[in-house]
Amino acid sequence: MNCAKNAPTTPQRLSKLSLESRNTFGLPAIAELAYEITDPNQLPSLMAGILKNDSPWRVLGGGSNVVLPNDLSGTTLLMNIAGREIIDRNDQFIKVAVGAGENWHDFVAWTLEKNLPGLENLALIPGTVGAAPIQNIGAYGSDVAEHLAFIEAFDSKEQAFVTLNKADCRFAYRDSHFKQSLGRYIVTKVVFNIAKVWVPRLTYADLAKEFSNNPSPAAKEIFTAVCRIRQSKLPDPKVIGNAGSFFQNPIVDSTFFSDLQLAHPNLVSYPDANGSRKLAAGWLIDQCGFKGYRFGPAGVYDKQALVLVNHGGADARDILSLADLIKQKVLERFGVELQIEPNIL
Ligand code: EPU
């Protein structure tokens, strides 16, 4: 595992780099200047130069939750810090430290090989470990925040390495302190608390159905089922460009929800904190007739209306014009304002 105390190394510098194969939407972005970051120690001097020139910069992990413009000016940091290791054990938890550039799904598979169950519901989510806490990735009744111990990051505001514990990260549904302060932190390492006592998490409808005859499955069986369910509903970015759910599931108060349900008895929703409800945005979009809709080279996936896709040749403008159309129709029909989930750069 790389450690912030080692001697700095010089990152590889790449100019006019095509990011087409480095974003899961397959958008045709060109980075003016890019650096392969393989060690946290590369960051202080590199960032000092960028900040001194007041030049734009951003971090790209797996490129699975971004909409990239055709030209990315300034500096793009390609996060490639590797490493996975068990760093501590106590009565309750096993602590696992992971470099921000590790692939998320490979890490989840590794935890199961090491007999460290707990992350199996989050299998097959595209992207890197460092990006996972930024939008607090979640699926099948679990999210990354639940399993987090602390995060190491380079804070560009203070120009120093910082350690943020779980409370500092202010996690919420698809949200965190990092997402609220985009352009401030560069996550370098994520440390997970893997609970020693493992309990299967089968509350999400798809999993409850899958295991209705097997209430005590092994973690690997859940991992396999989650992979299968995801593959049946979500497009493989290697085959068809996409960034997973393009909109968040909107959270509405109980009064608004009751009125909406009265008008639309089949409305799909889930209880949320403080009596509010989370609406299935996929259902709202589907009801507006968008499933499988084509908008030039962009489109709506035909098996999941929450996923926008690049049928080939789309750029950010195509994707965002389609998103605007969907937002407008959902607002007109249901009075609900959808929020875009990926980061628009
Ligand atoms: N639905 C439709 N039509 C559609 C899509 C969905 O009617 O085209 C209805 C169905 O009733 C379905 C319900 O909406 O049962 C919920 O759909 P699904 O189980 O596919 O989940 P989701 O709410 O659309 C969320 C996450 C996904 C995550 C799944 C499973 C968000 C924004 N999305 O999707 O996360 O994999 O739950 O837990 O919270 C992602 O963030 O990129 C992502 C894929």
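**Exercise 1. How many Å separate the centres of domain 1 and domain 3, taken over C-alpha atoms?**

Some ground rules before the solution. The model is predicted, so local features need pLDDT of at least 70 and side-chain atom pairs count only at pLDDT 80 or more, while totals for chains, interfaces and linings use all residues. Residues are numbered from 1 along each chain as its sequence is written, and side-chain values use heavy atoms, with hydrogens and water left out.

*Solution.*
- Start with the split: domain 1 covers 12-79, domain 2 covers 84-209 and domain 3 covers 241-344. These bounds come from an automatic or database domain assignment.
- Taken over C-alpha atoms, the centres of domain 1 and domain 3 are 29 Å apart.
- The contact (heavy atoms within 4.5 Å) takes 12 residues from domain 1 and 17 residues from domain 3.

**Exercise 2. Work out where the ligand sits and what surrounds it.**

*Solution.*
- Begin with the domains: the ligand lies between domain 2 (84-209) and domain 3 (241-344), because both give residues to the shell around it.
- Next, the shell itself. There are 24 residues around the ligand, and Y140, Y173, R174, Y204 and A305 come nearest; a residue is near if one of its heavy atoms lies within 4 Å.
- Sort the shell by class: 12 residues are nonpolar, seven polar and five charged. Here Ala, Val, Leu, Ile, Met, Phe, Trp, Tyr, Cys and Pro are nonpolar, Asp, Glu, Lys and Arg are charged, and the others, Gly among them, are polar.
- Then go by element: β8 (138-139), α5 (219-233), β13 (241-245) and α7 (281-287) each supply at least two shell residues. The largest share, three residues, belongs to α7. Helices (H or I, at least four residues) and strands (E, at least two) are DSSP runs numbered from the N terminus.

**Exercise 3. Find side chains with polar atoms close to ligand oxygens.**

*Solution.*
- Use the polar contact cut-off: a pair of N or O atoms within 3.5 Å; within protein, one must be able to donate a hydrogen and the other to accept it, and residues adjacent in sequence count only if both atoms are side-chain atoms.
- Y173 has a side-chain N or O atom 2.7 Å from a ligand oxygen.
- For Q304 the distance from a polar side-chain atom to a ligand oxygen is 2.8 Å, and for R230 it is 3.2 Å.
- As for cover, the protein hides 83% of the 820 Å² of accessible area that the ligand has on its own (Shrake-Rupley method, 1.4 Å probe; for residues, only the protein chains shown count as cover).
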